[in-house]
Amino acid sequence: MLHLFRTVPRGRRATPLLMADGHILADSTDILHWVDKRVPPSQRLFPDEPGARAEVERWEHLFDDDLGPHVRRVTYFHLLPEKELALPIMSIGAPRSEALALRVGYPLVRRMISRSLKVTAEGEASSLAKVRGVLADVDRALGQGHKYLVGDRFSAADLTFAALAAPLLQPKNPDLVDLPSAFATLAREARSTAAGRFGLRLLHEERG
């Protein structure tokens, strides 16, 4: 919750937030487009060809709406009750002072997250159905034999899928150790799909 001290004065509550060129970019899609205009053509995440570009944008919006928020809710539902499991994950990359603040204030943080994201049994069940639906969509797309979701190059569609599916796929925990058993079962289920295997490959091979 400490991010609020930086984002609220700039008119936003959530992250990511990028301040660049005198503008505030407060949406991951806008940030991707901003970056894409400033890298060499070989590294761009959005194709020039209109049809391919539209398809990449369609996938990217689908993942933003129907994957990311729901993976997050499912993950929090299973991890928030397990303080000692949740703390290391929630403090990755955080300064020591913030990690300590999280530990001390964990009961309040847990209540705030649960309330704001509607982390309930009913919410988890609804979100899990959404996640499974998106994985099935990706399964069908990959069934056509493509290496990536659109064309033969890594794109914003692939990046967004891998990033938003990562909390469920747990790429840095290959054996799924020290996870609540129900969440580990869901992670194995996701990994068993073509979409899950695709996401893990992207996370291992495409991170630079």
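**Exercise 1.** In which loop is Gln170 found? State also whether Gln170 is buried or exposed.

*Solution.* The model is predicted: local features need pLDDT of at least 70, side-chain atom pairs count only at pLDDT 80 or more, and totals for chains, interfaces and linings use all residues. Residues are numbered from 1 along each chain as its sequence is written, and side-chain values use heavy atoms, without hydrogens and water.

Step 1. Gln170 is in the loop between α9 (156–169) and α10 (181–191); helices are DSSP runs of H or I with at least four residues, numbered from the N terminus.

Step 2. Buried means under 20% relative accessible area, exposed over 50%, and partly exposed in between (1.4 Å probe, protein chains only). Gln170 has 13% relative accessibility, so Gln170 counts as buried.

Step 3. Phi of Gln170 is near 50°, a positive value. Most residues other than glycine have a negative phi.

**Exercise 2.** Classify the ring pair of Tyr148 and Phe154, after that of Phe63 and Phe161.

*Solution.* Step 1. Rings of Phe, Tyr and Trp (its six-membered ring) pair if their centres lie within 6.5 Å; planes under 30 degrees apart are stacked, over 60 edge-to-face, and the rest tilted. By this rule there are four aromatic pairs.

Step 2. Phe63 and Phe161 lie 5.3 Å centre to centre with 50° between the planes, a tilted pair. Phe63 belongs to helix α3 (residues 50–66) and Phe161 to helix α9, 98 residues apart.

Step 3. Tyr148 and Phe154 are 6.2 Å centre to centre with 75° between the planes, hence edge-to-face. Tyr148 is buried at 7% relative accessibility, whereas Phe154 is partly exposed at 22%.

Terms used. Helices (H or I, at least four residues) and strands (E, at least two) are DSSP runs, numbered from the N terminus.
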